[in-house]
Amino acid sequence: MTTNDPRQPTLRVTPGPSDINANGHIFGGWVLSQMDIAAGIVAARRAHGAVATVAIERMEFIAPIELRDLISVYAEVERVGRTSMAIRIEVIADRDGGDRQVKVTEGLFTFVALDESHRPRPVDRPL
């Protein structure tokens with residue numbers, strides 16, 4: 001990975017000691033939650049209101065996340081339907097004080113836009 005990536009991360013976070021599993025890597029569930037948070041931010045902005053995760057169409061762990069990694073979560077809208085949207089997520093770990101970047105996971109999350117009653121609404125109709 002190059003450090004000259006022009007994209008801006010939606011979320012940046014460093015895992016803590018309580019996020020480590022028995023193998024010395026970060027729990028997959030912790031990573032999944034960070035991805036869901038970032039995707040939710042992007043989806044809510046696109047829908048101009050409340051959204052909910054309804055599916056993870058695909059998620060692939062490519063490399064482990066280590067304790068001292070700084071995680072950058074990139075999220076972007078891939079496609080928009082009437083009430084739902086797919087958000088593409090990519091997670092990059094900065095290692096060795098930022099000297100090295102490693103793609104650790106990626107996925108595709110589906111969100112639905114919600115109205116005041118928490119029922120699906122058209123994405124392009126703001127609350």
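Strands β3 and β4 pair in the antiparallel sense over ten bridges. The model is predicted. A hairpin of three residues joins β3 to β4. Two residue pairs show the register: S72 stands opposite I92 in β4, and L70 stands opposite D94 in β4.

**The sheet**

β3 also has a partner in β1. Strand β1 covers residues 11-13 and is joined to β3 by three bridges, with the two running antiparallel. L11 has V73 of β3 as its bridge partner. In general, strands of a sheet pair through backbone hydrogen bonds, either parallel or antiparallel.

The full sheet is open and has five strands. Their order is β1-β3-β4-β5-β2, with antiparallel pairing. β1 and β2 (51-61) stand at the edges; each has a single partner strand, so one side of each is left without a neighbour in the sheet. From one strand to the next, the twist averages 25°.

Helix α1 packs on this sheet and touches β1, β2, β3, β4 and β5. The direction of α1 makes about 55° with that of β5.

**The nonpolar core**

The largest nonpolar core has 27 residues. Inside it, M85, I87, I89 and F111 have the most contacts. Four elements, listed below, each supply at least two residues of this core.

| Element | Residues |
|---|---|
| α1 | 28-47 |
| β3 | 70-80 |
| β4 | 84-95 |
| β5 | 100-113 |

α1 gives the most to this core, with eight residues.

What does I87 touch, not counting residues up to four places away in sequence? The list is A39, V42, A43, A75, E76, V77, E78, G107, L108, F109 and F111. I87 lies within the residue range of β4. F111, one of the residues touched by I87, is also among those with the most contacts inside the core.

**Q34 in the helix**

Q34 is found in helix α1. Is Q34 buried or exposed? Q34 counts as buried because its relative accessibility is 12%, and the cut-off for buried is under 20%.

Leaving aside neighbours within four places in sequence, Q34 is in contact with L11, V13 and V73. Two of these contacts return to the sheet: L11 and V73 are the bridge partners described for β1 and β3. Q34 of α1 thus touches both members of that pair. V13, also in contact with Q34, falls within residues 11-13 of β1.

Notes. Residues numbered from 1 in each chain as written. Predicted model: local features only at pLDDT ≥ 70, side-chain atom pairs only at ≥ 80, totals over all residues. Heavy atoms only, no water. Core = buried A, V, L, I, M, F, W, Y, C linked by side-chain atoms within 4.5 Å. Buried < 20%, exposed > 50% of the residue type's maximum accessible area, 1.4 Å probe, protein only. Contact = heavy atoms within 4.5 Å. Pairing = 2+ DSSP bridges. Axes fitted to C-alpha atoms, helices over the stretch in contact; angles between N-to-C directions.
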